[in-house]
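Trainee: I have a structure open and would love some help reading it. Could we go through it together?

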Amino acid sequence: METSLRTDPGFWFMTALGLVLLFLGPLFWDLFQIMQITQYVVLSVYVLSLAYIWGFGGILSFGQAAFFGLGAYTFSVAAINMGETTFPFVLAFAIPAIFGAALGYFMFYGKLSDVYMGVVTMVVTLIFWKLINHTAGPEYAIGDARLGGFNGIPSVPVLNVPGDAQAWLDPGQMFQVFMAILTLLYVLLRILIASDFGRISMGIRENETRAALLGYDVRRHKVIMFALGAGIAGMAGGMWATYQTFIDPNVFSLEMSAKALIWTMAGGVGTLAGPIVAVVLLQYLSLKLGEMHILNNNFILGGIMMVLVLLVPKGGLPTLRDGIAALRVRGSVRRSGTPGKVAPDV
Amino acid sequence: MDYTIIVFLEILRAISWLVILAAGLAIIFGMMKVINFAHGEFLMLGGYITIMSHNAGVPLWISMGVLAPLVVGVFGIIVERLVIRHLYGRIIDSLLATWGLSLLMIGGVTMVFGNTVQGVSTPLGSLSIGAYQVPGYNLLLIGIAVAMMMAIWLVLRFTSAGLIARATMQNPDMAETLGVRTSWVYMATFGLGSAVTGLAGGLLAPLTGVAPSMGVNFVAQSFITVITGGASMIAGTLSAGTLLGTISQGVTFATGPVYGDAALLLAALILLRLLPQGITGRIFRKSL
Amino acid sequence: MSDLRPILTTEKLVMQFGGVTAVDNVDFSLREGELRCLLGPNGAGKSTFFKCLTGQLTPTSGRVRFDGQDITGWETHAIVGMGVGIKTQVPNLFDGLSAYENVRMSARRKHLRPMAKEKAEEMLEKCGIAHLARREVGLLAHGQRQLVELATVLAGEPRLVLLDEPAAGMAGDERDRLADLVLETSRRAAVVVVEHDMAFIRRIAKFTTVFNRGAIFREAMIDEIMSDRAVQEIYLGKQADVAA
Ligand SMILES: Nc1ncnc2c1ncn2[C@@H]1O[C@H](COP(=O)(O)OP(=O)(O)OP(=O)(O)O)[C@@H](O)[C@H]1O
Ligand SMILES: [Mg+2]
């Protein structure tokens, strides 16, 4: 149902939280904490790419890692060749978005079913991963950048101030830039979702036939959304590369795609804030579990994924919200809220 | 002349290979319209069982041809009862759940056996054709692919179990009203598909060795074959296998193996743009 | 048969599903501003005919012309963009959205924001469902959903309105309002109505087309149709071949 952005407390809370962290965080955290939190920020940008297209357009991509990896490699290769990072950062958005548009064209204009879409997006990721793994030889180089196969690309440049290639950002500044990007992205996506474009997306998610019968070009709309999601994932990939100053083919791994799905499911499909919270909690959890060296990381991820699908299909935030609502109106009959459907706010 | 035969055999091997890899997946997809995303790990499991039991003294042919399909088949039935059964009609959720299972299995096997490659040597030596050597194992693969397709066809066509399966495939609700327990049919289907995948994994073991994450190397080909084939198990798998096997082998001859998979996907995308339900969605629609 | 030019014509339109010919060689013509009823027993091919007109199905052969343009095989959204609106037999609504949002989504395609809001509210008012504006349509009764869908279709200001069983599931007073609405709409647009409800048909029908087994069986004024023995027989399911 319709919610006005202006009167939505969740929106203002998340925006304020973003700004507070952006300005005050670096004052209180040590270097290690800043690095850790920057990682969460980058992965949050990544998860928004899926939370947006899945939650607000009903487009399920099993291959966000393909765009994430493409963005990471685009940024690294371009930055190494150009000796500065501003334009490469733009490319990290643009190239995956273009690729996403091309792939989306085949899938949506081919009217592929959900299963087929899932398989195709997943296979695309796999093939990138395979191809890039095979580029170890010196003949695989783009300009000055050797792709390095399974060894990856070492010494990816750190982000510099636009226009001054020597002015590198320190970790605190990098955190602030990334936090600003995340906050801005969240605000822009919320505005987009509340806009007419967003309403049409929601309409398409609800009933494609009706959307077409009202005269909206469903396929073109989906391609645009998918490409936008691809661009955002690519940008996150670029951020990841410069944050780590190193990338290898694992950016294209199936785990990376699966993580986006897990975080989105855990946070709740149909929200943006939920998946961000899920990134922080689950990354922290797997860090702690990993330190214990008992359980394998894949094992944990897979377990969480199965539990989510089988037991919490609505996701964390909506389940929590429904739980609170149920407590509040206990005794009286609940009026609205069809099961499985999630109010498109937060 | 000899070279022509070699090329022909290579293409035939590539086709057979796709057919063997995809057959189990195609059985499950054809019946249940579900893609088992843990397919690669079912292969891996078949491989591990083959090598582990062989190392424990079981003859290779027994571990490959009997133990691997048996154990993976039983495992498939367990998975169907515990997971898939709860997700009928929720196709996306079943994809997500089996993907979770895939990660779980990779992690689990890594914890138990460690992240190392183990192997056995390829049996059957080689044959010479003129100046060229052909591994006998390749011929075995071709034979098995043919036998597999024949067996599925015979079962579907001539046995009462096959009749029940076909009825359920055509119209599950109708079959249910005629007294078919579709839930059992699905369980059996999943078990059978898993067993075939287990056999494929067993056949794979001597070629590539086994490692926990080996599945990723084969799922792309399997998935592409099944979705381009469409919903008919035999006609779909055979037509897609033939088309894609030829393409990938052609590309491999031309540019080396790296681009084979990418060429497969590209061909599949173009094909799906033209035939969104796969080859058998439009052509050979009435076939099995 | 007309002095006005036709807004919609089909020529030898055929739609086959495997062995079933659901639409069989239909030559149909509708004048600008005409109100036409389309009758026929279950399975006669009425809904399939509508789907061919709106691009939800691509006809096996034959042509569809709208406003002089050949629109055969066009995409649905493009046909709708030309000015065709359809209420489908199975209600097609955005179930998770409110009635207002549904109608607005349609109005917004032609109008800027403030105007779209006005238009949507006007349409809800006109269809007598202003009090349901904020309700989620997935939770409404069938008859109410029909009215929401009608308002949604009309908010797009189509020049040709196709209504597939609009009165189904409606209570008596709702049905009367619907009849008035259809008559009023036909002053601004051409309308084709498919209905089984004879009381409703009697209130609105003038020139009427009867489908049987995918083909046009009769075309005449409603009184003539009503007293036609052969038409009665096909409705009763008797062998109509002789009469034809
Ligand atoms: N997608 C389809 N695939 C196969 N057959 C179809 C399909 N759609 C319709 N048919 C068949 O076409 C014929 C005409 O169906 P249609 O729905 O157009 O009839 P109708 O006149 O609208 O009937 P009713 O009054 O019951 O709505 C029927 O025999 C139906 O079974
Ligand atoms: Mg009908």
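**A walk through the model**

Mentor: Happy to help! Keep in mind that this is a predicted model. Let's start in chain A: apart from neighbours within four places in sequence, A65(A) touches Y46(A), T125(A), V251(A), F252(A), S253(A), M256(A) and S257(A).

Trainee: In which helix is the place of A65(A)? And is A65(A) buried or exposed?

Mentor: The helix is α3 of chain A, residues 64-82. For the second part, look at the relative accessibility of A65(A), which is 0%. Buried means under 20%, so A65(A) counts as buried.

Trainee: How far apart are the C-alpha atoms of A65(A) and A230(A)?

Mentor: Along the chain, A65(A) and A230(A) are 165 residues apart. In space, the separation of their C-alpha atoms is 9.3 Å.

Trainee: Next, how much area is buried between chain A and chain B?

Mentor: Chain A brings 45 residues to the contact, and chain B brings 45 residues. The rule finds 0 salt bridges across this interface. Carbon and sulfur atoms give 82% of the buried area, which is about 3,900 Å².

Trainee: On to chain C. Which strands are the edge strands of its sheet?

Mentor: Six strands form an open sheet with mixed pairing, in the order β6-β7-β8-β3-β9-β10 of chain C. An edge strand pairs on one side only, and that picks out β6 (84-87) and β10 (215-221) of chain C.

Trainee: Which residue is the bridge partner of L38(C) in β8(C)?

Mentor: Strand β3 (residues 35-39) and strand β8 (residues 190-194) of chain C run parallel and are joined by 4 bridges. In β8(C), L38(C) has as its bridge partner V194(C).

Trainee: What angle does the direction of helix α5 of chain C make with that of β6(C)?

Mentor: Compare two helices here. Helix α2 (residues 76-83) of chain C lies across β6 and β7 and runs at about 110° to β6(C). Helix α5 (residues 142-155) of chain C packs on the sheet, touching β6 and β7, and its direction makes an angle with that of β6(C) of about 175°.

Trainee: Last one: how many residues apart in sequence are the parts tied together by S47(C) and Q89(C)?

Mentor: S47(C) (OG) and Q89(C) (OE1) coordinate the magnesium ion, ligand 2, at 1.9 to 2.0 Å. S47(C) lies in helix α1 and Q89(C) in the loop between β6 and α3 of chain C, so the pair ties together parts whose separation in sequence is 42 residues.

Definitions and conventions: Residues numbered from 1 in each chain as written. Chains lettered and ligands numbered in written order. Predicted model: local features only at pLDDT ≥ 70, side-chain atom pairs only at ≥ 80, totals over all residues. Heavy atoms only, no water. Pairing = 2+ DSSP bridges. Contact = heavy atoms within 4.5 Å. Axes fitted to C-alpha atoms, helices over the stretch in contact; angles between N-to-C directions. Donors = N, O, S within 2.8 Å, 3.2 Å for Na, K, Ca; no water. Buried < 20%, exposed > 50% of the residue type's maximum accessible area, 1.4 Å probe, protein only. Buried area = accessible area lost by both parts, 1.4 Å probe. Salt bridge = Lys/Arg side-chain N within 4 Å of Asp/Glu carboxyl O.
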